[in-house]
Amino acid sequence: MSRFSAITDNPHDGRFNQKTGVLVTNLGSPDAPTPKALRVYLAEFLSDPRIVEIPRLIWLMILHGIILRVRPKKSAKAYQSVWTEHGSPLIHISQQQTDKLAALIKQQGFSNTEVVLAMRYGNPSIEAGLEALRDKGLTRIIILPLYPQYSSPTTGSTFDAVANVLKKWRWVPELHFINGYHKNDLYIESLANSIAEDLQTNGTPQKLVFSYHGMPKQFLDNGDPYHCLCQQTTRLVVEKLGLDKSLVETTFQSRFGKAEWLKPYTDATLESYPEQGIKDIAIVSPAFSADCLETLEELEEENREIFEHAGGEKYRYIPALNDRDDHINALFDVIEPLL
């Protein structure tokens, strides 16, 4: 038996065509908000060497000996607080984005295109998504990770997962991999629109916080561009809106472990504001294309509580871009030259 798979032993039989496949990907979610499901999900997520750069044997001993015995129960409670009748918010919203993007692609005249959703961890898997496209006979595939700012643990890891599947295929497709789109004009415009709508409705706060997902500072020291791309995103949005720079602060959230992460930390920053007389803030998280645990639980609940407990009075979270029409237009703009 061959080590390479194919849907036919004779790839010249006419089933292959010039249709283009678009694989939309995001991080992923457990199948259920239970300790058992979290244990499976976290084992896959935290086993990725792109996520934790600790000597492999040492890390696996820590992961299976300590973390997977303790963290799933705690994480399950957090997921339960954001779980909906549709299941995981991230997967539900990502599917809405995928469906609207597929409809827009067809509307714009690219009828020879198939769009499929996949998750880096959990289900639906990247392997299942790629297989679904191959089963349709597609030999041109665009990979669109929904991470505006490139980083090794997100976009880089997605590439690894795609490569691990394709290296088992006999016929590797023509592949186009989007490694980021933080400077795309329509993406910046969409972010600016979402913030402008909030300011018009709720007024200008004392501080507008751009909170990005964090990463160990070691990654930056080793050459990961993510920190710089986040700073560029903030600057471009501020320029688009014509905001005073003193109104805005860029921070980083979601620390894990004891190592130093990118600073300033979101939670520590929010906690320090009230004693500076800053008691009215709005917060947005541009690194998340869809609302998820890190926005709905960490920002909406946990960080709100930190700010208010420290004496803050007004706290509002500006939702992720989700399936806003201008966001979908931006995603289409990113891939249109490749269709």
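Cys228 sits in the in-between class for exposure: its relative accessibility is 41%, so it counts as partly exposed. Cys292 falls on the other side of the cut-off, and at 6% it counts as buried. Keep in mind that this is a predicted model.

Why doesn't Cys228 form a bond with Cys230? The two sulfurs are 9.1 Å apart, which is too far, even though Cys230 holds the closest cysteine sulfur to Cys228. Cys292 has its closest cysteine sulfur in Cys230 too, and that one is 14 Å away, so a bond is ruled out there as well. A disulfide would need the sulfur atoms within 2.5 Å. The tally for the structure is zero disulfides.

Here are the two sulfur distances side by side:

| Cysteine | Closest cysteine sulfur | Distance |
|---|---|---|
| Cys228 | in Cys230 | 9.1 Å |
| Cys292 | in Cys230 | 14 Å |

Now for the chain as a whole. You'll find 11 helices and eight strands in it. A compact globule of 339 residues would have a radius of gyration near 20 Å, and the chain comes in at 21 Å, which agrees. Along the principal axes, the C-alpha atoms fill a box of roughly 70 × 50 × 40 Å.

How much of the chain is buried? Of its 339 residues, 52% count as such. The exposed area is about 15,900 Å², with carbon and sulfur atoms supplying 51% of it. Among contacts between residues at least 6 apart in sequence, 78% join residues at least 24 apart.

On the charge side, there are 35 positive and 43 negative charges, and their mean positions lie 6 Å apart.

Notes. Residues are numbered from 1 along each chain as its sequence is written. This is a predicted model: local features need pLDDT of at least 70, side-chain atom pairs count only at pLDDT 80 or more; totals for chains, interfaces and linings use all residues. Side-chain values use heavy atoms; hydrogens and water are left out. Helices (H or I, at least four residues) and strands (E, at least two) are DSSP runs, numbered from the N terminus. The radius of gyration is taken over C-alpha atoms; the globule rule is 2.2 Å times the number of residues to the power 0.38. Buried means under 20% relative accessible area, exposed over 50%, partly exposed in between (1.4 Å probe, protein chains only). Contact means heavy atoms within 4.5 Å. Accessible areas come from the Shrake-Rupley method with a 1.4 Å probe; for residues, only the protein chains shown count as cover. Lys and Arg count as positive and Asp and Glu as negative; His and the chain ends are not counted. The place of a charge is taken as NZ of Lys, CZ of Arg, CG of Asp or CD of Glu.
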